[in-house]
Amino acid sequence: CDAHTGMAVPTKCLPWSMRALGWDCAENCRYECMAQTHATRRLNREQTVHFFGKWPFLRVFGVQEFCSSAFSLLNGVPHFWFLVSGAPWKDPCKGHRDIPLWLVFAVVQSNTWLQSALFHARDTKLFETLDYHSATLGLALYLASGIAMNLPESWSMVSALGAAFTPICIIWVAHIYYLHTV
């Protein structure tokens, strides 16, 4: 919204950082209104209230929750580094039975933290859905990992993961189906 007229401005007038994150004029107007109302309430020493079901936030470079987004990315760094460093193929990891588990775990957790960072950067229905499903997939993998690690060592880890993860994955997919159809 234009500060002088209160009228909406074209989306192309928004800074590149906001356009890159998908902000449009209507959403920017809602944000500006929220920020102005929140500032006025603070000046009047009134209680902070929710806007659109959420606490007010300070946008930084178009990112809604800058610190949450940055820390989510930082949480994913060790998992991503494990993948790109080649650690699974070097000593002391090389040849261990558990390497397939740690590779799957690193991929899933890297994705989980990326989806979390995107959701905190820009709260859209798509990013909320991806964040939720990535997080629940991570939890499913934790459960499957615990089961797989306790299966007989005579089994390969690929077989153990298949046996542990297949039923859990079916339940996870059914859960997603239920959420999107009911």
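S69 is a buried residue in this predicted model. Its relative accessible area is 8%, and because buried means under 20%, S69 falls inside that class. The residue sits in helix α3. Who keeps it company? If you skip the neighbours within four places in sequence, S69 is in contact with V63, A117, H120 and A121.

**Helix α3, from end to end**

Let's stay with α3 for a while. It covers residues 66-84, which makes 19 residues. At 1.5 Å a residue the helix should span 27 Å, and its end C-alpha atoms are 26 Å apart, so the two values agree. That agreement doesn't rule out a bend, though: at V77 in α3 there is a kink of about 35 degrees, shortly before the proline P78.

Which residues of α3 are buried? They are S69, S72, G76 and F82. Part of what covers them is α4, residues 99-121. After α3 comes G86, and its phi is positive, near 80 degrees.

Now look at F66, which also belongs to α3. F66 has a relative accessible area of 39%, so it counts as partly exposed. Leaving out neighbours within four places in sequence, F66 is in contact with V60 and F61. For a sense of scale, take F66 and I99: they are 33 residues apart along the chain, and their C-alpha atoms are separated by 34 Å.

**Across to α4 and α5**

S110 gives a view of the α3 surroundings from another helix, since its place is in α4. Is S110 buried or exposed? At 14% relative accessibility, it counts as buried. Not counting residues up to four places away in sequence, S110 touches G76, H79, F80 and L83. One of these, G76, is itself among the buried residues of α3.

From S110 you can also look towards L137, 27 residues further apart along the chain, with 12 Å between the two C-alpha atoms. L137 is one of the buried residues of α5. The others on that list are T129, D131, H133, S134, T136, G138, A140, L141, A144, S145 and A148. What covers them includes α4 and α6, the latter being residues 157-181.

How does α5 do on length? It runs over residues 125-149, 25 residues in total, and should span 36 Å at 1.5 Å a residue. Its end C-alpha atoms are 36 Å apart, so expectation and model agree.

Over in α6 you'll find A174. At 42% relative accessibility, A174 counts as partly exposed. A174 and V60 are 114 residues apart along the chain, and 38 Å separates their C-alpha atoms.

**Backbone oddities in the loops**

The loop between α2 (25-43) and α3 holds F52, and F61 lies in the loop between α2 and α3 as well. Here are the two phenylalanines side by side.

| Residue | Phi | Relative accessible area |
|---|---|---|
| F52 | near 55 degrees | 64% |
| F61 | about 55 degrees | 63% |

Phi is positive at F52, a residue other than glycine, and F61 likewise has a positive phi although it is not a glycine. Why do they count as exposed? Exposed means over 50% relative accessible area, so F52 at 64% qualifies, and so does F61 at 63%. Remember that F61 is also one of the contacts of F66.

The loop between α3 and α4 has its own curiosity. P92 lies there, and the peptide bond from D91 to P92 is cis, with omega near 5 degrees.

**The largest pocket**

F52 turns up once more when you go looking for empty space. The largest pocket is lined by 13 residues, and those nearest its centre are R30, F52, K54, F57 and Q64. How much space lies in it? About 280 Å³. Sorted by class, the lining has seven nonpolar, one polar and five charged residues.

Technical notes. Residues numbered from 1 in each chain as written. Predicted model: local features only at pLDDT ≥ 70, side-chain atom pairs only at ≥ 80, totals over all residues. Heavy atoms only, no water. 1 Å grid on protein atoms, 1.4 Å probe; cavity = no way out; pocket = protein on both sides within 12 Å on 5 of 7 lines; lining within 4 Å. Points joined across faces, edges and corners; volume = space filled by probe spheres on them. Nonpolar A, V, L, I, M, F, W, Y, C, P; charged D, E, K, R; others polar. Helix = DSSP H or I, 4+ residues; strand = E, 2+ residues; numbered from the N terminus. Expected span 1.5 Å × (residues − 1). Bend = angle between axes of the 7 residues up to and from the residue. Buried < 20%, exposed > 50% of the residue type's maximum accessible area, 1.4 Å probe, protein only. Contact = heavy atoms within 4.5 Å.
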